[in-house]
Each structure stands twice: as C-alpha cells, then as structure tokens.
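Welcome to this guided tour. Keep your viewer open and follow the selections one by one.

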Amino acid sequence: MTTAPPGVSFVIPVLNGRRTLRVALDAVLAQRDGRPFEIIVVDDGSADGSLAMLQERAAAGELRLVRGPGRGTAAAINAGIREASHPIICQVDQDVIVHAGWLTCLLRSLADPEIAAAQGQYIAKPGAGFWARVMGRDLEQRYCRMGGGDVDHVCTGNTAYRATALHSVDLLDERLGYGYDNDLSYRLSRQGHRLVYSPEALSTHHWREEFGTYLRQQFGVGYGRLDVVARHPMRVRGDDVSGILMMLHGPAMLLVWLLMGIAGFAAVAGRAWLPWASAALLILGALAGERAIAGAAAWIRSRDRAALGFPVAHLARDCAWAFAILLWTARLVMRRHRGPSHSMPRRPAVVPAAAARAARGAISPGSLLVVVPAFNEASNLPRVISDVRRALPAADILIVNDGSTDDTDDLLRSLGVPWLTMSQRVGVGGAVRTGIRYAARRGYQYVVRVDGDAQHRGCDIGRLLVPVLSGHSHAALGSRFLARGSGAGLRRMSQSALAGLLTLLTRRRVTDPTSGFWLFGPRALRLLARHHPGGYAEPELVLLLSRNGLRVAEVPIRMRPRLSGRTSLTAPRAVIALARTVLALVVVPFRGTVEGEAGD
Amino acid sequence: MTDVVQVVSIGVSAALLIAVIELVRRRTLTEEYSFIWIVCASALLALSLWRNMLELAASALGVHYPPAVLLLVLTLFVVVVSLYFSVVASGQRKQIERLVEEMALLDADVRQLRDVTGHRLFVGDRAQNEDPD
C-alpha cells in the first residue's frame, strides 16, 4: 500500500471520571501506531478534579481539551466529533480501557468502505463488585450469541465510526439522554450503512459498582429505550443486542405489578384473589426462569458465579424498566412529554464564559451595586471585595454589617468601601433589604447579593447578569448544584425537600433555594425594597417573586469551599426554612400580590 | 356556687380591675393595651356578682359546677390576650427592624456627607468616619 493510512480521532466525553480516566487515556495513547492521531476530550463540567488533570495533559500536548455544552453525553460527544479532523472517529468512554490492538482490529473492519461503524467487545473487569459483574457478564453473554459480523446496533463507548457517515446523519440526537446510540445505529442502517461487531477488539468496561446506581442507570436505559421506540416503532422487537425476549421483560414486569395490585384489591374486597396472584407469580417465574437459563449459560462460559445472580439482578432491573414505562406513559398522558426527551434530570445550560464576560462589560459605572451581608466575616471580607473588584470594576460594593461581634466594625473603616452598620442584628433578610433600599435611594438598577464568606465567585456575577440583561427574567439565582454531591444528612434532605416544594409551588424548576447568590433587576428591586422577607429569607424570596409575577432564572455556578468561619445554614436552620416554606404553601395563596401596595 | 368561691372571685376580679385602672392612671400601662384588660376584668366581675347568669351559662354549656365556667372564661381570655400580644410584638419587631434599617441608612448618609464636606458636627468631632459616641 502506498497511500498514507487514514488518521484517527479519539473522542472521549468526560464528566467526573477521575476514577478511571488516567488509565483510560493511557490505554488510548498506547494505540498510536504512527498514523495521524489525535485525542479530543470533551469535559462536560467535571467538578472532581478531572478537569485539572486534563488541562495538565492538554498542556503536555497529549490531547485536545474541549469544553462540553453541559447538555448531556450526546451533546458532548457531538461537540468532540465536530472538532475531530480525521476520517475515522473512535468514540471511547471515560470508564472504558481499550486493550492493545483494539484500534488495529476495528480499522481492519472499517477497511470495507460500506461499513460505517465497528464496535469492539466489552469484557468485565475480573475483580469488580457483584453488580458490575452482573452487568458485564450479561452484556458479554448477549454479544457472545452474536458471534461477529453485521449487526443492526453498535453501542457508543467502544466503537470506531467513519466520520462521513456520522455527518451524513447529522451526528447523535442531543435530545436523547440514553439510547442515543441505538437511535444513531438505526438511522445509519436505514441509510444503507453497514455496522459490524468485531469481537477481537477487546476493552474492559468499569461498570458502576453500587446497586443504587445500577438501578438508576437501568431506569434511564429503559426510559431511553421508550424514546427510541417512539421514533423507530419497528424497533419494538429490539435489535441484535437486545432481542425481543429482553424487550418483553419491562412490560411483563408491569403486568406482574398490575396483577398483584388487582389481587391485593380483591383480597381487601373479600373476592377471589388467588387466580390473580398466581398469574402474577407465573409470569414472575417465567421471567426469572428465562434469566436463570441465560445466567447458567453465562456461568458455563465465564465461570463467574455472579452470572448465577442474573434472576435476582434482572428482576430488579425489570422493576426499574416497568417504573420507566409507567413514568414515560404518565408524562405522555399528561402532555408533559413533547416528543422523546431526556430521561435524566436535565441541567440548564451553563452560561458560556464569553457571554458572562460580555454581560459584565455591559455594566456601566453606577448602575450595579454588590450587597454583601456580613455577620462575623471579618476574615473573609477583604477577599470578597478584591474578588468582586477584579471581576467587575464598574460595580460598587456595599457591606452590610449585621451586628457582628468580631472586629468587622474596625475592618470596615480600612476597606475603602461604603458600609452600613445595623445597630441590632436583624438577620440576613433584613440586611439585604437595607442594602436594596440603599441601592434604590441611590438609583442603582441592579443589585447583586453575594455572601460574605467568599464562597461565591465574582466572575459568576456575569453569568447571573445574562438572563436579566436579556430581559428573560427579573432576577437570577446562582445554583450550586453542579458542584454539589456531598451533602450531609438532615440539612441536605430538608434542602432538597425545599427545592421540590418550591418547584411545585412556582411551577419552575428550583434546585437551590437556599443559595445566597442573587441578582435583582429593576422591577425586583422596587418590590423588594419594601417586601424583602426578613430572617432566613432565601426560600421565601423565590416564592415571593414568583407570586408577584416576576421570573427567576436559576443559573448554574460553582462555589469555592469555605475557607474560614462557619456556614449559617445549619441543619436546624434548614429544617426551619422548610417549615416556613410549608407554612407559606398554606398562607401565600390567600395573601395575594404585594406589588404596588403602599406597604405593610 | 358556694359563698366563699363567690367572695374570692369577686375579690380577685375587682382587684384586677382596680390594678389595671391604677396602672393606667400612673401611665405605666397605655390606654391602648389597657382596654382588653378592663373588658376582661369587668366580665369576670359581672359573672361573679351575677350568679344567675353564671348558672345559666353553666347549664347551657352542660357544666355541672358553675364556677368552672369562670375558669373557662379566664382561660379563653388568656389565650386571646397572648395572641393579641403576639400580634403587637410582631408589629413592634417589624417597626424596630425598619428603624434599625433606617438608622443604618442615615448613618451611611451622614458619614458620606461628612467625608465629602469635611464638616464637623460639634467640637471634638473627628471628621474621619467616626461615630459621635
């Protein structure tokens, strides 16, 4: 052969993948064989340190780092594919370790120009936990039946695609949370492309280990499958990887639930319940039996005893699927379901840094005031001020000292910013209200509220400004749920209960109602100068604004860890805030609106 | 109702009424808050003096021992009064908060004015960001 071998672009989407990322990257780097080669890693907003590691390796020239749009895996992969410059695109997941020779095997398959994609074989990590092994052995067993050659579905994560084929079908469908690979495969097949399975190309998949994540993942898989079937109705019979028997499991489990329910009702009503219950048990037995046979086959092949757990694990999986069917149908019936959509809670798009920077630049001097309520934050205040000044030089800053007992008072004289001193402690709500009144008297149009503990980053103010400056909303709330994850006990529980309640009440998704990072526009300022709730007020604020017809946008932000001092949101406070909101749930509908009132 | 109970209840009610009036006279209690107390003390006194009404009320309520009605009225009254004072306290809290807030705003205004004009309010006033106290 005289022509140069085709170049290869690896696309790896990453979200909090530090656990396996380093090994996965090294394995990909080891595939280099002299042909043009690039690795594109799409970081979709990791908060576990993966990003720093990737930046390091990008600086070393090993890979190209692309910032993902934060709209899920499909969108991240697409972003990577668009950046890719070579005719072959290998899509590998962050928890997949490709073995030596993986690339060579898949490229051999792709030598035939009719073939658009070739998938390698997943093998389970030998020492993994039970759930991970069940997952792996099941997939192995399914692939094993297929042998090699043409298939009608290739999964993402372990696959080489021809770039022209991907572009001819407009890449992955970003609206799908799961099942986007099925959707892509079906669309490729329909266009006459061939897909193949190459069992010699091996890779180790690190499946998730815990039962909870296993179930959640299976729920997502089931939900995504329904989305896919809604688009490709013929696929109700499944494909080569997931056959008709597997497709039957979810509906069958739903039928079991239904029969059990009827049996229960019959028993309560004093009717004959035995026939219903036995029918349910019969179906359950059939499901378990089918899985037991598959498990035995997998055990004989792999000698892994986890395979014998198929009946139990897969009945749990079937329950997750049945639940997915229920929820999917319920949403369809309630018309909440505009076409196939994300199975997982969807994060709002992260405001791009460029837009945030532009918004910060659009602020003229004297129009924006940053209010910093502070109670005993003397050690953090200088950092807050320098941070805001650096991020937003045009903004004025006002410290509201809410009766601090430390040396905040003395410090204020040396900081060179205006301040208010509350002679009695009035609580953070009252402090912010005073700051807003100060702003209103001096003609500011926007007020940013930043906590005095330096946890909020000045550069995020621009992110809050974007929806308000564009007129999309009257106030913006910085939500830290991106950087969250390690919430503790009672406090976290009441926080999420609050969020759920407020979402219900305001009919808008609220994820972080206890956040202290706010931006208020002119209309919100007029309302709040009088009616900003006192005390520990943040959750009520969301409610008050929405009851008065003001739109509140939640914007994802990241927070710095608290450096010194203690948080004011203790577990009892969180519970009290929850109780107050529950009370508001009862009272507020009777209270009416307050805007335009003379005051109370 | 035995005479002893009646005498005691008349005595207590009368003492309450007199105490309230005396407090108002000395301006220790403002008229605004005295009203509810006077109403209560008079009602108790009336019930103690006018046995028929007490007995009528007791039989209407199905209470066998008429002086228990006095207790009932007293309890009811205590509940009403404490609710009333919760309302008053809430209002005052709001007023205090507003005052503290206004004061903070004025304080900032004064500081700013003094910084701008370098004006001294009184002899010994250190014009630089210093409170008069």
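## Stop 1: a strand in chain A

Begin by selecting L477(A), which stands opposite W518(A) in β15(A). Before going further, please keep in mind that this is a predicted model.

Now widen the selection to the strand that holds L477(A), namely β14(A), residues 475-479. Five of its five residues are buried, so the rest of the structure largely encloses this strand. Show the side chains next. A475(A), L477(A) and S479(A) point one way from β14(A), while A476(A) and G478(A) point the other way. This fits a general pattern: in a regular strand the side chains alternate between the two faces of the sheet.

Which strands pair with β14(A)? Add residues 518-520 of chain A to see β15(A), which runs antiparallel to β14(A) and is joined to it by three bridges. Then add residues 552-556 for β16(A), which pairs with β14(A) in the parallel sense over five bridges. To find one of these bridges, pick S479(A), whose partner in β16(A) is P556(A).

## Stop 2: another covered strand

Next, select residues 158-162 of chain A. This is strand β8(A), and five of its five residues are buried. Bring in residues 88-92 as well: they form β4(A), which runs antiparallel to β8(A) and is joined to it by five bridges. Click on I89(A) and look across to Y161(A) in β8(A), which it stands opposite.

Strand β6(A) is another neighbor to add. Three bridges join β6(A) to β8(A), and these two strands also run antiparallel. Here the pair to pick is Q119(A) and its bridge partner in β8(A), T159(A).

## Stop 3: a helix under cover

Move on to helix α7(A), residues 180-190. Is this helix mostly covered or mostly open? It is mostly covered, with nine of its eleven residues buried. Among the buried ones are Y180(A), D181(A), N182(A), L184(A) and Y186(A).

To see what lies over them, show the surrounding elements of chain A. The cover includes helices α3 (73-83), α6 (163-168) and α8 (211-231), along with strands β6 (115-124) and β9 (194-205). Before you leave, step just past the end of α7(A) to G192(A), where phi is positive, at about 90°.

## Stop 4: one alanine and its neighbors

Select A132(A), found in helix α5(A), which covers residues 130-146. Why does A132(A) count as buried? There are 21 other C-beta atoms within 10 Å of A132(A), and a residue needs 20 or more to be called buried.

Leaving aside residues up to four places away in sequence, A132(A) touches A124(A), K125(A), W207(A), R208(A) and E209(A). Now add A306(A) to the view. A132(A) and A306(A) are 174 residues apart in sequence, yet 9.3 Å separates their C-alpha atoms in space.

## Stop 5: two helices side by side

Select residues 381-391 and 408-415 of chain A to show α13(A) and α14(A). They pack at an angle of about 30°, with their axes 11 Å apart, and that makes them roughly parallel. The crossing is right-handed.

Where do they meet? L381(A), P382(A) and I385(A) come from α13(A), and T408(A), L411(A) and L415(A) come from α14(A). By class, this contact has five nonpolar residues, one polar and no charged ones.

## Stop 6: over to chain B

Color chain B on its own. Its secondary structure consists of four helices and zero strands. Chain B has 133 residues, of which 13% count as buried.

Pick helices α1(B), residues 3-25, and α2(B), residues 31-49. Their axes come within 9 Å and cross at roughly 160°, and the two helices are therefore roughly antiparallel to each other. This crossing is left-handed. Residues in the contact include I10(B), L17(B) and V24(B) of α1(B), and W37(B), A41(B) and L45(B) of α2(B). By class, the contact has twelve nonpolar, six polar and one charged residues.

For the last selection, show both chains together. Ten residues of chain B are in contact with 14 residues of chain A. On the chain B side, six of these are nonpolar, one is polar and three are charged.

Conventions: Residues numbered from 1 in each chain as written. Chains lettered and ligands numbered in written order. Predicted model: local features only at pLDDT ≥ 70, side-chain atom pairs only at ≥ 80, totals over all residues. Buried ≥ 20, exposed ≤ 12 C-beta atoms within 10 Å, placed from the backbone. Contact = placed C-beta atoms within 7 Å. Pairing = 2+ DSSP bridges. Nonpolar A, V, L, I, M, F, W, Y, C, P; charged D, E, K, R; others polar. Axes fitted to C-alpha atoms, helices over the stretch in contact; angles between N-to-C directions. Parallel < 35°, antiparallel > 145°, perpendicular 65-115°, else oblique. Left-handed = near helix turned anticlockwise from the far one by under 90°.
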